[in-house]
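Colleague: I'd like to learn how to read the features of a model like this one. Could you walk me through it?

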Amino acid sequence: MKERELPLLPLRGILVFPYMVIHLDVGRERSMAAIEEAMLDDRIILLASQKETEIDSPTAEDMYEMGTVAEIKQLLKLPGGTMRVLVEGISRGRVLEFLEEERYFKVRVEELAEEKKTRTPEIETLIRGMTHQFEEYAKLGKRVPVETLGTVLAVEEPGQLADIVASHLNLKVPDKQTILEAMAVEVRLERLTELIMREIEIMELERRIGQRVRKQMDKAQKEYYLREQMKAIQKELGDKDERLVEAEEYREKVAKAKCPKEVEQKALKEIERLEKMPPSSAEGTVVRTYLDWLLALPWGKSSKDKIDLKKAEDILNEDHYGLEKIKERILEFLAIRKLTPKMKSPILCLVGPPGVGKTSLAKSIARALDRKFVRMSLGGLRDEAEIRGHRRTYIGALPGRIIQGVRTAGTRNSVFLLDEIDKMTSDFRGDPASALLEVLDPEQNSTFTDHYLEVPFDLSQTLFVLTANTLHTIPRALLDRMEVITLSGYTEDEKVNIAKRYLVPKQMEAHGLKKDVLSLADEVLLKLVQGYTKESGVRNLERQVANLCRKIAIRWVKKEWEPHTLTVEDIESALGAPRYHFQVAAKAPEIGAVTGLAFTEVGGVVLTVEVTPLPGKGKLTLTGQLGDVMKESAQAAWTFIRAYALELGIEEDFYDRTDLHIHVPEGAIPKDGPSAGVTMATAMASALSKRAVRADLAMTGEITLRGNVLPIGGVKEKVLAAHRAGIKVVLLPEENRKDLVEDVPENVRKLMEFHFVSRIEEVLKLALLPLAHSDEVPGDVSLPVHSVYAKEGIPVTDSRPEEPPVWKS
């Protein structure tokens, strides 16, 4: 081993082994300078490969340390300022230090001469294995000539043999570098054998793939040849080409379809493409599917609406009991349709609790209009392509569900139900709610463009009906395009009528029971509604009717049943004890207990707010699983009571030694909302002033810190709950006066007394009994109170105060 200073020539994408003779084309300035420097000396140069071939101006770190010391045998300058050199590898050389990098690379090199190794049995075994693999490689690859193979295998020295074999292999530079860096002959032979075996495996795989492709090509060529022969035979016989026949059929369909001009042009263009495609082409199948969809749509086909308002009204009444608002809206649409046939269809959104008949109402609308009905469920939909379809570039692409529904209907003026629109979600595949914006906008849906069709389709004649249980999950932009019609829960009277007219006959027929086997009176149906269901709709009521029919059926089959009108005892015998019990009005006035009204998803309920004062330091305790809004209402009521204590007949500093505990029974049920504010304030005033509250009175309304009573929602449901509980007098906010007239049935209004209040003082005047009437009332507490209750300085006597004006129907 010896050290010497040599110019270095960086190589890209190639590696030179010792004993290897090769031509190199050189064009980089530093590389040509290194060659010129070597030519001025002894023509010896170090050849080292770059780690990355893309680098044009390499540094010391970009080159392998191990290279090949070579002699320049010949130099030829080419046009364009480049050189071609012929080099021969002499030995391995390891770079110890880079002496210069600016003008050209000059390095201090440790020259590693090849040791003469005798052929031991181990080396002989490695050589035989390697030569056998190399012969196999040469046979498979046909890259090594037979003469060269003989010359290579005739080399006796093991190290030289390994280097020469490696130089003939088609390996990547990093693999060749591992062989170059292996100084030990045994290691070099082992690595070389592994690499040759890997290359043989790759070549075998290439050969098998090539054979398979060749077979496929031969088959395709054979089919092409046979088809050309068939064409020639058909031409001689005078038969038409299959593609021409198919294209002609499509053109006839286009002419019959009466499509818009833009659609017709698109279809004809696709037919021309289809004519030029081979029959077995995969793209041809895509074009045929597209044309089938395009021509199957009802571009100009519409059903004729029934404009008979009386008949439409009879159909709506036949299918549904109540629901006057939506029926009125459909009749309005029909009336305007009769006056102006070109009117765009409205976008109706039916919002209400489960089971009130939203979906079945859409079917009735289609029946009343004599239109086709299509239903699409949006529950859980999260992919925009479900609405707009996929582009034809995707395998298996289809139009969206809107276009599919229109094709199913067969007319462009169907009734299209989009069910559960509030249950849509969005993810990385897009937001379907945003895609619906175009569908549900009467100004845009006349040119709705599906991604698959790529041509506009007119949806303006389609009557879209949407259903939802709640509005707060529907995006605001989408909600703005709809005409929202709220369906509240059915009243008990409505449920009894629905059961009598629809549910009982339907279930008796389903269970094979004739009309004379059993009959249900209204009071029995009312018991079924009150005791066995708790819902806004009638789904559970139908289940209970079906359950009752099953019980009667089994007794009828066993001949244990005599036909008669069912009684309440029969109901309890068949269905068991009632599951639900409605709270009724208190039997007598109580101190600190006030009946409030609440609205739930299954209708209205009455709640008793209980307040008990305790010795303490002004702490307010709330129990009954109350929500944040309800807790804030209690706090506002508590603050009002403290601020107006003197006017309420309560000691002004009562809170210094009194705690209040507010409890709303049925603690397992979560409660929330602001409408219990006046109820809590009245209960606190009653408990602290020791004045009882009327037993036949219920109230609802939101309270402010200044004592104002604000409007609330769910008036119809709350009033019906009060009526069901036996309440005679209801206090409502003044601003809810209009809701009472519009929503509450007249028969209920006639049986009850309503007071409309705008201040909490009016509530207390109507609700609290004078002290004289509270002396013997349960719930008495030992708190010092004033005997005079004054409002605006007017003393109150033991008799009932003069009441504000009463609204009675």
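Modeller: Sure, we'll go from the overall shape down to single side chains, keeping in mind that this is a predicted model.

Colleague: Let's start big. What is the radius of gyration of the protein chain, and what would a compact globule have?

Modeller: The idea is to set the chain beside a globule with the matching residue count. A compact globule of 809 residues would come out near 28 Å, but the protein chain has 47 Å. The C-alpha trace spans about 135 × 90 × 60 Å along its principal axes.

Colleague: How many helices and strands does the protein chain have, and what percentage of its residues count as buried?

Modeller: The secondary structure comes to 26 helices and 24 strands. Of the 809 residues, 47% count as buried.

Colleague: On to rings. How many aromatic pairs are there, and how do I read the geometry of one?

Modeller: The structure holds 7 aromatic pairs. You look at the distance between centres and the angle between planes. For phenylalanine 416 and phenylalanine 464, the centres are 5.5 Å apart and the planes sit at 35°, so the pair is tilted. That angle is neither under 30 degrees, which would be stacked, nor over 60, which would be edge-to-face.

Colleague: Where along the chain do those two rings come from?

Modeller: The pair links distant parts of the chain, 48 residues apart: phenylalanine 416 is in strand 9 (residues 415-419) and phenylalanine 464 in strand 12 (residues 463-468).

Colleague: Are phenylalanine 416 and phenylalanine 464 buried or exposed?

Modeller: Phenylalanine 416 counts as buried because its relative accessibility is 0%. Phenylalanine 464 is buried too, with a relative accessible area of 0%.

Colleague: Which arginines lie over the face of a ring?

Modeller: For these, check how far the charge is from the ring centre. Arginine 392 lies over the face of tyrosine 290, at 3.8 Å from the ring centre. Arginine 407 does so over tryptophan 293, at 4.3 Å.

Colleague: Now salt bridges. How many does a search of the whole structure find?

Modeller: The search finds 38. For each, read the N to O distance, then ask where the partners sit. Take arginine 128 and glutamate 124, whose side chains meet at 3.5 Å. They are 4 residues apart in helix 2 (residues 121-141), so about one helical turn separates them. Arginine 128 counts as exposed at 59% relative accessibility, while glutamate 124 is partly exposed at 23%.

Colleague: Which parts of the chain does the salt bridge between glutamate 318 and arginine 367 link?

Modeller: That one has an N to O distance of 3.7 Å. The pair links distant parts of the chain, with glutamate 318 in helix 10 (residues 309-319) and arginine 367 in helix 12 (residues 358-369), 49 residues apart. Arginine 367 is partly exposed, at 37%.

Colleague: Which residues are linked in a network of salt bridges?

Modeller: Lys266, Glu270, Arg273, Arg392 and Glu454. You've met Arg392 already, over the face of tyrosine 290.

Colleague: Last one, the surface. Which residues make a nonpolar patch?

Modeller: Here you look for accessible nonpolar side chains that sit together. Leu205, Ile209, Val213 and Met217 make a nonpolar surface patch of about 330 Å². Valine 213 lies in helix 6 (residues 185-237). At 37% relative accessibility, valine 213 counts as partly exposed.

Definitions and conventions
Residues numbered from 1 in each chain as written. Predicted model: local features only at pLDDT ≥ 70, side-chain atom pairs only at ≥ 80, totals over all residues. Heavy atoms only, no water. Phe/Tyr/Trp six-rings, centres within 6.5 Å; stacked < 30°, edge-to-face > 60°. Buried < 20%, exposed > 50% of the residue type's maximum accessible area, 1.4 Å probe, protein only. Lys NZ or Arg CZ within 6 Å of the ring centre and 35° of its normal. Patch = residues over 30% accessible without salt bridge, like charges linked within 9 Å, V, L, I, M, F, W, Y side chains within 5 Å. Areas by Shrake-Rupley, 256 points an atom, 1.4 Å probe, with all protein chains shown as cover. Salt bridge = Lys/Arg side-chain N within 4 Å of Asp/Glu carboxyl O. Rg over C-alpha atoms; globule rule 2.2 N^0.38 Å.
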